[in-house]
Amino acid sequence: MTSQNLMEAIAARVKGCWLGEEVYTKYLPKDFKRPSFALELQKDEWTDVNIALVHRTVTLLLTGFVATDAYGDSDRDVLNQRMETACGLFACGALPVDDRAIRVQTIRGTGAPDFFEVTLIFSWIDVRPDAIAPDAPHMEHFELNMTAKE
């Protein structure tokens, strides 16, 4: 599973909740339309588990935008409600991504005068890419010869 696959699954879930609203993943245009969302990969960490596995932690930032007034401010009640809904989208159950279903480890929402942000942290164990890890023999191929000491 790649971080791109995870981002596509997140975008699909957001689009399923807010039909017709754009989820920008490549860049945020200068004159983007509101209401909409931006999704970005903030961090992708790989930690060694063993010769064949790595522990992956991916941090994504979902930013939500609603209409603004003449001063550039948005209705705080609308922002708060949308932030709560966005957090709830990922708080229940597992998120299907390719052939897996992973749960979000941390959900953190923060507000601002004209947008809100929801930080999503996912964590899972994955197979090392073939280019990095050699093929490890299966356990069935090991032979142990032991003698008992008296």
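In what order do the five strands of the open sheet lie, and is their pairing mixed? In this predicted model, the order is E1-E2-E3-E7-E6, and the pairing is mixed. The edges of the sheet are formed by strand E1 (22-24) and strand E6 (104-111), each of which pairs on one side only, while neighbouring strands are turned against each other by 20° on average, with direction ignored.

Within the sheet, E2 and E3 are joined in the antiparallel sense over twelve bridges, and tryptophan 46 has arginine 56, in E3, as its bridge partner. Two helices pack on the sheet, as the table sets out.

| Helix | Strands touched | Angle between directions |
|---|---|---|
| H1 | E1, E2, E3 and E7 | about 150° with E2 |
| H2 | E2, E3, E6 and E7 | about 10° with E7 |

The largest nonpolar core has 30 residues, and those with the most contacts inside it are Leu6, Ile10, Val14, Leu39, Leu60, Val118 and Phe122. At least two residues of this core come from each of several elements, among them helix H1 (3-17), helix H2 (76-91) and strand E7 (115-127). In soluble globular proteins, nonpolar side chains tend to be buried together. Valine 14, leaving aside its neighbours within four places in sequence, is in contact with Val23, Phe37, Leu62, Leu89 and Phe90.

Helix H1 also holds glutamine 4, whose relative accessible area is 41%, so this residue counts as partly exposed. Glutamine 4 and threonine 25 are 21 residues apart in sequence, and their C-alpha atoms are 9.9 Å apart in space.

Conventions
Residues are numbered from 1 along each chain as its sequence is written. This is a predicted model: local features need pLDDT of at least 70, side-chain atom pairs count only at pLDDT 80 or more; totals for chains, interfaces and linings use all residues. Side-chain values use heavy atoms; hydrogens and water are left out. A nonpolar core is a set of buried Ala, Val, Leu, Ile, Met, Phe, Trp, Tyr and Cys residues joined through side-chain atoms within 4.5 Å. Buried means under 20% relative accessible area, exposed over 50%, partly exposed in between (1.4 Å probe, protein chains only). Helices (H or I, at least four residues) and strands (E, at least two) are DSSP runs, numbered from the N terminus. Contact means heavy atoms within 4.5 Å. Two strands pair if DSSP finds at least two bridges between them. Axes are lines fitted to C-alpha atoms, for helices over the stretch in contact, and angles run from 0 to 180 degrees between N-to-C directions.
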